[in-house]
Amino acid sequence: MQTLTNRSKVVSNKKMTFMEKIYLPAVIKGMYITIKHFFRKKATINYPEQTRDFSKVYRGQHVLKRDEKGRERCTACGLCAVACPAEAITMIAAERKPGEENLYREEKYATVYEINMLRCIFCGDCEEACPKEAIFLTDRIVASEYEREPFIYGKDILVEPVDPDKRIDISARQTDKVLEFKKNKRLSHNK
Ligand code: SF4
Ligand code: SF4
């Protein structure tokens with residue numbers, strides 16, 4: 001039968017030699033390998049005290065952005081939910097009432113918006129599908145939990161704070177290519 005790799009070895013039942021029986025050469029060989037690795041650069045780090053540098057476009061915890069006036073950008077169109085391959089996004093839409101223009105940018109908004117972080121595979125499709133520049137992935141790590149329930153992230157976690165100093169910076173995701181793409185006039189609604 002043809003082997004898939006060349007790593008397989010034929011095992012034989014030949015008798016052990018004296019040197020093999022005393023295991024000393026094997027022990028010395030093992031110690032040599034251990035000592036050799038002991039002085040090598042460690043592949044691991046002491047997380048969380050130490051963290052690695054992330055890629056500028058690392059895809060971590062989502063943020064629902066506000067516009068420059070502090071209004072929620074999401075219009076609850078559902079395109080992110082449709083695009084999501086993991087079916088991680090759910091929402092309930094509502095009509096904006098008179099007097100709420102300072103809260104929601106569009107006439108429709110998400111009264112409930114949830115992402116199941118246990119389902120999410122951080123592919124970024126929701127970000128790409130959004131016509132309102134409302135949802136972005138960020139370099140923030142999703143916190144670990146002991147229960148499943150806290151992994152359902154609602155608007156209380158996803159929507160960024162109104163305070164301009166506490167907004168979530170997503171400028172690293174606006175690479176030159178993305179900015180060039182957005183110059184397309186057909187995307188002029190996407191501001
Ligand atoms: S990053 Fe991908 S899997 Fe996660 S919510 Fe967005 S579309 Fe769904
Ligand atoms: S985040 Fe974007 S794509 Fe998703 S519902 Fe809101 S506006 Fe639509």
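Mentor: Two strands count as paired if DSSP finds at least two bridges between them. The model is predicted. In it, asparagine 116 stands opposite isoleucine 152 in E5.

Trainee: What makes E3 and E5 a pair?

Mentor: The cut-off is at least two bridges. Two bridges join E3 to strand E5, residues 152-153, so the condition is met. The two strands run antiparallel.

Trainee: How do you know that E2 and E3 are paired?

Mentor: Seven bridges join strand E2 (residues 89-95) to strand E3 (residues 108-116), and the definition asks for at least two, so they are a pair. They run antiparallel. Among the partners, alanine 94 has tyrosine 109 in E3, and methionine 91 stands opposite tyrosine 113 in E3.

Trainee: Why are E2 and E5 called edge strands?

Mentor: The open sheet has three strands in the order E2-E3-E5, with antiparallel pairing. E2 and E5 each pair on one side only, and that is what the name refers to.

Trainee: What makes threonine 5 exposed?

Mentor: A residue is exposed if 12 or fewer other C-beta atoms lie within 10 Å of its own. Threonine 5 has 5 such neighbours, so it counts as exposed. Threonine 5 lies in the segment before helix H1 (18-22). From threonine 5 to proline 131 the C-alpha distance is 48 Å, with their positions 126 residues apart in sequence.

Trainee: How do you know that cysteine 80 is in contact with Ile89?

Mentor: Contact requires C-beta atoms within 7 Å. Leaving aside neighbours within four places in sequence, cysteine 80 is in contact with Ile89, Cys126, Ala129, Cys130 and Ile135.

Trainee: Which residues have the most contacts inside the largest nonpolar core?

Mentor: They are Leu64, Cys74, Cys80, Ile89, Cys126 and Ile135, in a core of 20 residues. Membership of a core requires a residue to be buried and of a listed type, Cys, Leu and Ile included. The elements giving two or more residues are strand E1 (62-64), E3 and strand E4 (135-137). E3 gives the most, four residues. In soluble globular proteins, nonpolar side chains tend to be buried together.

Trainee: How many residues of the shell around ligand 2 are nonpolar, polar and charged?

Mentor: The shell divides into nine nonpolar, two polar and one charged. Lys is among the residues around ligand 2, and Lys counts as charged by definition. Thr75 and Gly78 are also in the shell; Gly is counted as polar, as is any type on neither the nonpolar nor the charged list. The shell also includes Cys74, Leu79, Cys80 and Ile135.

Terms used:
Residues numbered from 1 in each chain as written. Chains lettered and ligands numbered in written order. Predicted model: local features only at pLDDT ≥ 70, side-chain atom pairs only at ≥ 80, totals over all residues. Core = buried A, V, L, I, M, F, W, Y, C linked by C-beta atoms within 7 Å. Contact = placed C-beta atoms within 7 Å. Near = placed C-beta within 6 Å.
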